[in-house]
Amino acid sequence: MSQDTWDDVDRYIDEHLVGADPALDAALEDSTAAGLPPIAVTPAQGKLLYLLARSIGARAILEIGTLGGYSTIWLARAVAPAGSVVTLEADARYAAVASTNIARAGFAELVDVRVGAALDSLPPLAAEQRDPFDLVFIDADKPNTPEYFKAALELTRPGSLIVADNVIRDGAIVDPAERENPYVLGAQRLHELLLDEPRVSATTIQTVGAKGYDGFTLALVN
Ligand code: SAH
Ligand code: DHB
Ligand code: MG
């Protein structure tokens, strides 16, 4: 099995289960045109986020790592029309691209794009005393994934779902040669936290697809 096969199968899934989608397609096109890196979730993964959010009846979602707003639009669709999404992005230029994409998708009112390092944006969120988030999608700088997970625990309630992207990275999580890589350390530290965290029940699923071999962690707050 190779990347070519994974690409073909992802295309097949996309054609059959996602299809042409003007708002999402335009979001990706404009992200590419603006020079954003091609690291958004795939259509199949975006739809998984949407289905997870709908499955738990999510109304309030927090995303850490907006990029061009591709995953944000999927999440917004899951909570529309009455819900809300807060999404945190460090890069002001990326956030501007995302805001345009999100507005074109019809979610300018529903999505709150906050510019700044997430570690700075998270404490004010906690201080706002809003209702707990029903779903948190962690998809920003990978070394800080454990910190974002800890913050997510403080911002959620029993029944909330925390999803962390890119935790497998071509199997680097178990590769001794990658022991010093801060990306990998982030994913390992997340799993060490989970080993000893009674507040959640978690699993990690390995994935292949158009974005290579990777995986995500799902943690349900008990
Ligand atoms: N969730 C997006 C992809 C996010 S890519 C999607 O699937 O469509 C990761 C994003 O995290 C990038 O846009 C990057 O600029 C942002 N990021 C990196 N470090 C960050 C930080 N410290 N705080 C907030 N965002 C950060
Ligand atoms: C990177 C970030 C992501 O969120 C992703 O899905 C893939 C790669 C990165 O920073 O390289
Ligand atoms: Mg990701």
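In the predicted model, ligand 2 is surrounded by Ile39, Asp139, Lys142, Asp165, Asn166, Arg169 and Tyr183. Among the polar contacts of this ligand, an oxygen atom of ligand 2 lies 2.9 Å from an N or O atom in the side chain of Asn166, and an oxygen atom is found 3.0 Å from an N or O atom in the side chain of Lys142. The backbone also takes part, in that a polar backbone atom of Ile39 is placed 3.1 Å from an oxygen atom of ligand 2. Of the 290 Å² of accessible area that ligand 2 has on its own, 73% is covered by the protein, and the ligand sits in the largest pocket.

Ligand 1 likewise sits in the largest pocket, where 21 residues lie around it, with Gly65, Ser71, Glu89, Ala118 and Asp139 coming nearest. Helix H4 (70–79) and strand E2 (84–89) each contribute at least two residues to the shell around ligand 1. A nitrogen atom of ligand 1 is positioned 2.8 Å from an N or O atom in the side chain of Ser71, and a nitrogen atom is also 2.8 Å from an N or O atom in the side chain of Asp139, a residue that is listed around ligand 2 as well. An oxygen atom of ligand 1, in turn, lies 3.3 Å from a backbone N or O atom of Leu67. The protein covers 88% of the 580 Å² of accessible area that ligand 1 has on its own.

With regard to aromatic side chains, Arg77 lies over the face of Trp74, at 5.8 Å from the ring centre, and the count of aromatic pairs comes to one.

Definitions and conventions
Residues are numbered from 1 along each chain as its sequence is written. Chains are lettered from A and ligands numbered from 1 in the order in which they are written. This is a predicted model: local features need pLDDT of at least 70, side-chain atom pairs count only at pLDDT 80 or more; totals for chains, interfaces and linings use all residues. Side-chain values use heavy atoms; hydrogens and water are left out. Rings of Phe, Tyr and Trp (its six-membered ring) pair if their centres lie within 6.5 Å; planes under 30 degrees apart count as stacked, over 60 as edge-to-face and the rest as tilted. A charge sits over a ring if NZ of Lys or CZ of Arg is within 6 Å of the ring centre and within 35 degrees of the ring normal. A residue is near a molecule or strand if one of its heavy atoms lies within 4 Å of it. A polar contact is a pair of N or O atoms within 3.5 Å; within protein, one must be able to donate a hydrogen and the other to accept it, and residues adjacent in sequence count only if both atoms are side-chain atoms. Accessible areas come from the Shrake-Rupley method with a 1.4 Å probe; for residues, only the protein chains shown count as cover. On a 1 Å grid over the protein atoms alone, a cavity is a set of points where a 1.4 Å probe fits but cannot get out, and a pocket is an open set with protein on both sides within 12 Å along at least five of seven lines; lining residues have an atom within 4 Å of a point. A molecule sits in a cavity or pocket if more than half of its atoms lie within 2 Å of its grid points. Helices (H or I, at least four residues) and strands (E, at least two) are DSSP runs, numbered from the N terminus.
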